[in-house]
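Biologist: I should like to learn how to read the features of a structure, one at a time. Would you kindly guide me through this one?

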Amino acid sequence: MALQIDKILCLKMYEQMLTIRSFEEKAIELFEHNVIRGNIHPCIGQEAVSVGVCSNFRRDDYMVNTHRGHGNCIAKGADLRLMMAELLGKSTGYCRGKGGSMHIADFEGGNLGANGIVGAGLPIAAGAGISIQNRGTDQVVACFFGDGAANQGTFHESLNLAALWKLPVIFVCENNLYALSTPAREAISVSRISDRAMAYGIPGKSIDGMDVLEVYTKTKEAVERARAGEGPTLLECVTYRFFGHFTGDPGRGITYRPKEEMDQWLNRCPIKSFRERLIKENGITGQMEKTMEAKVKASIEGAVQFANESPFPPPDQATQDLFY
Amino acid sequence: MPEITFVESLRMTLKEEMERDHSLMLIGEDIGRYGGIFGVTKGLQEEFGPHRVRNTPISESAIIGSALGAAMTGIRTVAEIMYIDFTTAAMDQIVNQVAKMRYMSGGKAKIPLVIRTQEGGGRGNAAQHSQSLEALFLHIPGLKIVMPSTPYDARGLLKTAIRDDNPVLFIEHKLLYATKGSVPDGEYLIPFGQADIKRRGKDVTLAAISYMVTKALKAADRLAEEGIEAEVIDLRTLVPLDFETILQSVHKTNRVVIVHEGCRKGGIGAEIASQIQEEAFDYLDAPVGRVGALNVPIPYSEPLEQAVIPGEEDIIKAVKKVLYMA
């Protein structure tokens, strides 16, 4: 695909991809130093999907997210400081330390929250679509989910409902080929998840999820369709998580992924390939790169500093926030 | 005051609230042209249109999940699950999503959502259409639970539920739908956490809920013939629970029986009895009594169903036990 997309937008997308990668690398480091509890599900390798999809959205558009959702939060415009504070369990975090990595929500930024239950976000996204339809606005909803979620009942219920009522939802399947350790080829009855769109009478497309511009362009069509009131689209973005399922997955998933396969996908790094294109087709210079990298580094360091300096919530906060 | 049925009271209330709040949406199975299997939403889709009265496919998870998504983004919603037995098909959405969304987001989500459903046995609907499952939800923090027993209470409590900015599980009882009661035309709201003493008495406290209030009142009439004056408290809401009213009654009667239709094992009576012994141990002249269903699924055949679901006789027996008359 020729680089016809606005140069400034391209640079913005590249910077966001770098930001996501750096954020995740920092989060993994903090997890390894026992600063982050529980688990995190790094999205390194999937940056092109987050950025390519979300670059089409306005701040007032909605997003429903997955457990592997840091990248989508960042691409939807989240404040890195509030994200990092949440990961550290601080009272300044997006959820005041009550949610953690799997539940970051930013309602003002249209982020309706990530979900720890696979497939649970799809009906919620349909509901946000109903809300848009009833209020008569031209907002849209991005509904992220993984290949594992495509086998949940909620996938069927939600796509059916959204198709039936022409809800403005873009169902974005981040197919990273594995549901925890189970390969998609051993779990999904069709070779392309997008083929399932046919069952609901809606458009379905499989996209190279390592190519940010392709993701951006294909999502754009789906967003335009949704804004025009023509209903939902199912986009399958084929991608790969360079780390394992979560921090703690032995050898970044080597126990269930062949080394050759992992190497092959690592060579298709979406940031590396986009960088090469930007140099070749967009005239990005070494100096520009350095400036951008320094900016990203500073923003991550600033987020960590903010999180470190923030207080933990006092124990009496545990019983607050249950009811309005 | 005009006498109307429980169903008419609910319908009138939904209609009024839809007129009051022009974004209020109803969503559920067969609630459109058909008007709901008990007729609660009859005529509402014709009046308010298919976007505000959304007739859904049989997709319980999608009903609850999409109601949540709509409520979170500014559409006050009443979702209907036809039988409480079917909530189990939407359990993730209710337990992990609806109930937790506000807390999990650090208090940022506002969820003006009512889940209307109905429960209970007595009509031969057998094991998957007759359960009383309120105890399952009582165990989950983040849900308010309302269980009206009269047309009057249904109206006042449903108004409060709809205007609440939190998830409310509004549980009706199928045998109450045809019952009649006085309901004023004018607006009134019944606050949550306010039990109603439906009969005064000094000898024993009967703390009951939903249709069991009706049975408890009948049992109290029969006990009165034997000179036993039972006080019947209609709890009306389980979350929040008006424990203070129970406590005051126990201070007076020193004997209490908790009456519900769900299984006795792990039922709401277990929780309330536990709280009573913690807070009023020295006032009790007998162990706290509990009346609930036998620990089996609800059977179909009438004599079997009657054996499983508690009735007046069971309440009378339990009262006599705490009075050491049995």
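Biologist: Against which elements do the buried residues of α4(B) pack?

Modeller: Please bear in mind that this is a predicted model. The buried residues of α4(B) pack against α5 of chain A, together with α3 (60–72), α5 (101–104) and β5 (113–119) of chain B.

Biologist: Which residues of helix α4 of chain B are the buried ones?

Modeller: A general idea helps here. An α-helix has 3.6 residues a turn, so residues three or four places apart point the same way. In helix α4 (residues 91–98) of chain B, the buried residues are B:D92, B:Q93, B:I94, B:Q97 and B:V98.

Biologist: How many residues of chain A are in contact with chain B, and which elements contribute?

Modeller: In chain A, 35 residues are in contact with 34 residues of chain B. The elements giving two or more residues to that side of chain A are α5 (121–135) and α6 (153–164). The largest share, 11 residues, comes from α5(A). By class, the side of chain A that touches chain B has 18 nonpolar, 12 polar and 5 charged residues.

Biologist: How should I read a pair of packed helices?

Modeller: Two packed helices are described by the angle between their axes and the distance between the axes. Consider helix α1 (residues 7–32) and helix α9 (residues 270–281), both of chain A: their axes come within 11 Å and cross at roughly 150 degrees. Because of that angle, α1(A) is roughly antiparallel to α9(A). The crossing of α1(A) with α9(A) is left-handed.

Biologist: Which residues make the contact of α1(A) with α9(A)?

Modeller: From α1(A) come A:C10, A:Y14, A:M17, A:L18 and A:R21, and from α9(A) come A:P270, A:I271, A:F274, A:R275 and A:L278. The residues of this contact divide into 8 nonpolar, no polar and 2 charged.

Biologist: What is the order of the strands in the open sheet of chain B?

Modeller: Strands of a sheet pair through backbone hydrogen bonds, either parallel or antiparallel. Here 7 strands form the open sheet in the order β3-β2-β4-β5-β7-β6-β12, with mixed pairing. At the edges lie β3 (53–56) and β12 (237–239) of chain B, each pairing on one side only. On average, neighbouring strands of this sheet are turned by 20 degrees against each other, direction ignored.

Biologist: In which sense do β6 and β12 of chain B pair, and which helix packs on the sheet?

Modeller: Strand β6 (residues 144–146) of chain B pairs with β12(B) in the antiparallel sense over 2 bridges. The bridge partner of B:V146 in β12(B) is B:T237. Helix α7 (residues 151–163) of chain B packs on the sheet, touching β4 (77–81), β5, β6 and β7 (168–173) of chain B. The direction of α7 makes about 155 degrees with that of β7(B).

Conventions
Residues are numbered from 1 along each chain as its sequence is written. Chains are lettered from A and ligands numbered from 1 in the order in which they are written. This is a predicted model: local features need pLDDT of at least 70, side-chain atom pairs count only at pLDDT 80 or more; totals for chains, interfaces and linings use all residues. Axes are lines fitted to C-alpha atoms, for helices over the stretch in contact, and angles run from 0 to 180 degrees between N-to-C directions. Helices (H or I, at least four residues) and strands (E, at least two) are DSSP runs, numbered from the N terminus. Angles under 35 degrees count as roughly parallel, over 145 as roughly antiparallel, 65 to 115 as roughly perpendicular and the rest as oblique. A crossing is left-handed if the near helix is turned anticlockwise from the far one by less than a right angle, and right-handed if clockwise. Two residues are in contact if their C-beta atoms, placed from the backbone, lie within 7 Å. Ala, Val, Leu, Ile, Met, Phe, Trp, Tyr, Cys and Pro count as nonpolar, Asp, Glu, Lys and Arg as charged, and the others, Gly among them, as polar. A residue is buried if 20 or more other C-beta atoms lie within 10 Å of its own, exposed if 12 or fewer, and partly exposed in between; C-beta atoms are placed from the backbone. Two strands pair if DSSP finds at least two bridges between them.
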